[in-house]
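Here is a short tour to follow in the viewer. Load the model, show it as a cartoon, and take the stops in order.

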Amino acid sequence: MTGPRATGETFASLVKGQEFAPVEFQLSADWVDAYIAAVDDGAIRALGSDRVPPMALAALAVKALIQDTRLPPGAIHLGQELSFPVPVEIGETLTVRARIANRGERQGWALLGIEMTVERADAQPVMSGRATLTFPLGEGVEG
Amino acid sequence: MSGAPRPGDQLPALTKLVTQEKITRYADASGDHNPLHTDPQFASSTQFGGPIAHGMLVLSYLSELMTVEFGMRWLRGGRLKARFRGPARPGETVQVSGRIRRADDASLVCDLECRNDSGEMLITAEAEVPFA
């Protein structure tokens, strides 16, 4: 991926092709436990105590995206595509990468398509996906 | 389901209660503290009229349904394509259900949906599971 880096900005200022700075995370047991409790997932533990729900990787990607770039209040998630080529386990160190795949504006609202990947240290992808978001443009909508 | 999955087979439905506590927990885990989810005063000024759950929180219920039904197959190559069609609000019970649309030697494709207790559609999705 190439393009200008998105750090310390708001989503409203992002442009097509812009990249988010890669963010590295360790999948700690505490964070995974907190995620499983939040989503009330009663199925994942049956597959093994170290298993991580695949959607946790998507949450991790969101966490990375909004770490340095502010999401406008009132932002709405319209669509999501995700694929999980391999399972991950607690303790793994992963890197989230993302870029603005497309951007449009209509009737005072911005529409963003964001491509995301989560990969291991050896660059093996463990999740890839695309989020479609919309949020209001204009004064007073960013807090 | 019993035996080989076939087109038309229903997946066992999953029911979840959405609460503000779960929304707050999800906000903490994901770092997404958008006030649309966590600030009733702000949320009441939006078109939703009050707080709504993160779409990814509700989408996780669809993934859980796939985990229940397909286990490690879902974790080893699952794909999900979803559209968020309506908000889930705290206090609502949502039901996730699905049906197999296509099955062959390589994979199967399911149509999933999530509705609230008024029957309103919240999410529609297509999920693919490798079946080799």
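Select chain A and colour it by exposure: of its 143 residues, 52% count as buried, meaning under 20% relative accessible area with a 1.4 Å probe and protein chains only. This is a predicted model, in which local features need pLDDT of at least 70, side-chain atom pairs count only at pLDDT 80 or more, and totals for chains, interfaces and linings use all residues. Residues are numbered from 1 along each chain as its sequence is written, chains are lettered from A and ligands numbered from 1 in the order in which they are written, and side-chain values use heavy atoms, with hydrogens and water left out.

Next, colour chain A by secondary structure. Two helices and eight strands appear, in the order β-β-β-α-α-β-β-β-β-β along the sequence. Both kinds of element are DSSP runs numbered from the N terminus: helices are H or I with at least four residues, strands are E with at least two.

Zoom out to see the whole of chain A. Its C-alpha atoms fill a box of roughly 50 × 30 × 25 Å along the principal axes.

Now show chain B as well. The contact takes 38 residues from chain A and 37 residues from chain B, where contact means heavy atoms within 4.5 Å. Together the two chains bury about 3000 Å², with 64% of it on carbon and sulfur atoms; buried area is the accessible area (1.4 Å probe) lost on putting two parts together, summed over both.

Finally, select Ala38(A), Met55(A) and Phe84(A). These residues supply 17% of the area that chain A buries against chain B, more than any other three residues.

Note on methods. Buried < 20%, exposed > 50% of the residue type's maximum accessible area, 1.4 Å probe, protein only.
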